[in-house]
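Thanks, everyone. Let me put the model on the screen, and then we'll go through the pocket and the packing.

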Amino acid sequence: MPLLETKSVKKVFRTEEVETWALNDVTLEVNEGEFVAIMGPSGCGKSTLLNILGLLDNPTEGTYTLAGTDVSKMTEDQRTEIRKGLLGFVFQSFNLIEELNVQENIELPLLYMGVAPAERHKRAKEMMARMGISHRAGHFPNQLSGGQQQRVAIARAVISNPKLILADEPTGNLDSTNGKEVMSLLTELWQQGTTVVMVTHSQRDASYASRIINLYDGRVVEQTIL
């Protein structure tokens, strides 16, 4: 059974004047242990699809099954509950909390999961060592380089040992050297058994994946196994 599967997913955004179809009849599946890159031009629906896959939004039509559960009609509270421990997010803009230091940012998912403080601290220290940022534990996001911020964001995404990492343009705000480091980290996590789904417009980043799904005008137009 696939880890995630969409069937005929559509997403429409409506205002009083206009109706915009961001996704139109998207059917796809991702198996456990895959590294899938979703590519396409700006405005093709990549981020909308990732928001649905990440339970940040529901489809207008169609079904979405995640880890065997139909999640397409769930309330926001239900989606939040399922996300805990199952999904990790990595964003282009890092989305770190400025008022928290590195260690506190990394511990945040465990705090939401009710993990005891001593265990949170222990796991955060292990994760910082793994990501090469132990020396930055007490620093705040504005004291870090872009590459360091993204490493903190990846550490936060994986500290709860999620089955699935969703990455939205993870190297978009980085130079090529830091971008390669981030892609190497994601590849390492994938090789250790984590499923990765990444939205990117970069052919270089997509080349790290095991499969590429191309979107155009809200539709899947091509799939390539690497």
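Start with the largest pocket. Its volume is about 540 Å³. Keep in mind that this is a predicted model.

Which residues are closest to the centre of that pocket? They are R83, L87, F89, P109 and Y112, out of 18 that line the pocket. Now the elements. Those that give two or more residues to the lining are α2 (76–83), β6 (87–91), α3 (102–112) and α5 (146–158). The largest share comes from β6, with 4 residues. What about chemistry? By class, the lining of the largest pocket has 10 nonpolar residues, 5 polar ones and 3 charged ones.

Next, the packing. The largest nonpolar core has 37 residues. Inside that core, I106 and M131 have the most contacts. Two or more residues each come from β3 (35–39), α3, α4 (117–131), α5, β7 (164–168), α6 (176–191) and β8 (195–199). Which element gives the largest share of this core? That is α5, with 6 residues. Note that α5 also gives two or more residues to the pocket lining, and so does α3.

Now zoom in on M131. Leave aside its neighbours within four places in sequence. M131 is then in contact with R151, I154, A155, V158 and L185.

One more core to show. Apart from the largest one lies another, of 28 residues. Among them are L49, L53, L55 and V197.

To recap: a pocket of about 540 Å³, a largest nonpolar core of 37 residues, and another core of 28 residues apart from it. Over to you for questions.

Terms used: Residues are numbered from 1 along each chain as its sequence is written. This is a predicted model: local features need pLDDT of at least 70, side-chain atom pairs count only at pLDDT 80 or more; totals for chains, interfaces and linings use all residues. Side-chain values use heavy atoms; hydrogens and water are left out. On a 1 Å grid over the protein atoms alone, a cavity is a set of points where a 1.4 Å probe fits but cannot get out, and a pocket is an open set with protein on both sides within 12 Å along at least five of seven lines; lining residues have an atom within 4 Å of a point. Grid points are joined across faces, edges and corners, and a volume is the space filled by probe spheres set on the points. Ala, Val, Leu, Ile, Met, Phe, Trp, Tyr, Cys and Pro count as nonpolar, Asp, Glu, Lys and Arg as charged, and the others, Gly among them, as polar. A nonpolar core is a set of buried Ala, Val, Leu, Ile, Met, Phe, Trp, Tyr and Cys residues joined through side-chain atoms within 4.5 Å. Buried means under 20% relative accessible area, exposed over 50%, partly exposed in between (1.4 Å probe, protein chains only). Contact means heavy atoms within 4.5 Å.
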